[in-house]
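Dear colleague,

Please find below the structure that I am handing over to you, together with its sequence. My notes on what was found in it follow directly after.

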Amino acid sequence: MMWHQPAFVLGGSGRAHLKVDGLSAGYGPMLVLRDLKLEARPGLTVILGPNGAGKTTLLRALNGLIPRSGDVLLDGDDLPEKTHEIVKAGVALVPEGRQLFPQMTVAENLELGAWLVDKGERAARLERAFDNFPKLRERAQQLAGTMSGGEQQMVAVARAMMCAPRLLMLDEPSLGLAPRMVDELLAIVRRIADSGTTVLVVEQNVRKALAVADRGYVLERGTVVASGPARLLARSTVVREAYLGAASSDTTTAASAAKQSGTVRAEPVEAARVVRPAPGERIN
Ligand SMILES: Nc1ncnc2c1ncn2[C@@H]1O[C@H](COP(=O)(O)OP(=O)(O)OP(=O)(O)O)[C@@H](O)[C@H]1O
Ligand SMILES: [Mg+2]
């Protein structure tokens with residue numbers, strides 16, 4: 001099965017830059033995110049963090065699905081607060097768990113991703129989506145609910161790309177996928193970023209995500225505890241100890257890891273919160 005194509009023909013033009021400052025959001029009286037500051041520059045930015053850290057809450061707040069306060073600027077303009085206006089501004093979300101319509105065909109699911117544009121443009125985008133994901137063309141009339149998990153995730157990504165987004169956000173797109181499928185999916189996400197759509201992705205495959213990303217943030221309990229270039233973040237003490245299982249037998253001392261980590265900003269992680277990942281690398 002081959003999903004790869006040389007470049008993505010769908011996607012917004014330009015190199016979008018998202019800037020978040022002082023973002024707070026939560027559910028009713030419960031604040032999950034507090035005074036969050038982060039950026040998604042052109043390229044691929046990954047958000048890591050344990051279960052319950054607020055990663056999904058962040059993407060939901062940015063997508064207008066829950067109220068937020070604070071500054072959110074997309075290329076210097078305030079990001080609207082209502083979801084349909086956010087989509088119009090060029091932001092698409094691949095939600096946690098895909099959320100396809102299982103009783104609708106692949107083609108119908110994709111078309112729903114371009115509900116804001118006229119029929120002719122929608123048809124043109126569907127063609128381009130099939131160029132990007134040839135396997136989906138073969139499966140155009142298959143009911144989405146009968147696709148495999150990996151195939152469904154491809155439909156979800158292709159559907160989001162049907163809005164020709166400037167900024168694509170994905171919430172744990174590789175969840176539940178076999179390792180090879182995870183690699184394929186992350187390669188596609190990388191290619192989307194290289195084709196000019198800024199990407200912000202929440203991932204639990206820490207090592208693989210940091211290998212393809214340009215920059216990363218580690219979120220814990222609603223705040224950023226570390227951030228920096230992906231390559232350096234992968235070597236930082238916070239990430240190594242908490243997420244990559246840098247065992248105590250590792251010869252690298254905390255001091256030398258910190259020295260190696262260069263410009264990575266890291267706040268100390270309490271020992272109690274340092275959790276060894278399972279061999280599968282799933283955080284938590
Ligand atoms: N609809 C909701 N109502 C109330 N609380 C919620 C709701 N959704 C999430 N929360 C709470 O907000 C906090 C952050 O949840 P969130 O889903 O953002 O975490 P996450 O980082 O995405 O975790 P995971 O890695 O498990 O997906 C958790 O304490 C969670 O219980
Ligand atoms: Mg989540």
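Helix α1 gives the most residues to the shell around ligand 1, namely 3. Please keep in mind that this is a predicted model. The full set of residues around ligand 1 consists of Tyr27, Met30, Val32, Gly49, Asn51, Gly52, Ala53, Gly54, Lys55, Thr56 and Thr57. Two elements, β2 (30-40) and α1 (55-62), each supply two or more residues to that shell. Sorted by class, the shell comprises 6 polar, 4 nonpolar and 1 charged residues.

Next comes the sheet to which β2 belongs. It is an open sheet of 4 strands in the order β2-β1-β4-β5, and the pairing is antiparallel. Its edge strands are β2 and β5 (77-78), each of which pairs on one side only. Within the sheet, β1 (residues 18-27) and β4 (residues 68-74) are joined in the antiparallel sense over 6 bridges. On these strands, Ser24 stands opposite Ser69 of β4. Helix α1, already mentioned for its part in the ligand shell, packs on this sheet and touches β1, β2 and β4. The direction of α1 makes about 75° with that of β2.

A further group of elements involves strand β8. Are the residues of β8 (198-202) buried or exposed? The strand is mostly covered, with 5 of its 5 residues buried. This holds for both faces: Thr198, Leu200 and Val202 are buried on one side, and Val199 and Val201 on the other. Strand β8 runs parallel to β3, to which 4 bridges join it; here Leu200 is the bridge partner of Thr45. Strand β8 also pairs with β7 in the parallel sense, over 5 bridges, and Leu170 stands opposite Val201.

Finally, consider helix α7 (residues 179-194). This helix has 16 residues and reaches 22 Å from its first C-alpha to its last, close to the 22 Å expected at 1.5 Å a residue. Its buried residues are Val182, Glu184, Leu185, Leu186, Ile188, Val189, Arg191, Ile192 and Ala193. What covers them includes the strands β3 (44-48), β7 (167-171) and β8 (198-202), as well as the helices α6 (149-161) and α8 (206-212). After α7 comes Gly196, whose phi is positive, near 115°.

Yours sincerely

Terms used
Residues numbered from 1 in each chain as written. Chains lettered and ligands numbered in written order. Predicted model: local features only at pLDDT ≥ 70, side-chain atom pairs only at ≥ 80, totals over all residues. Near = placed C-beta within 6 Å. Nonpolar A, V, L, I, M, F, W, Y, C, P; charged D, E, K, R; others polar. Pairing = 2+ DSSP bridges. Contact = placed C-beta atoms within 7 Å. Axes fitted to C-alpha atoms, helices over the stretch in contact; angles between N-to-C directions. Expected span 1.5 Å × (residues − 1). Buried ≥ 20, exposed ≤ 12 C-beta atoms within 10 Å, placed from the backbone.
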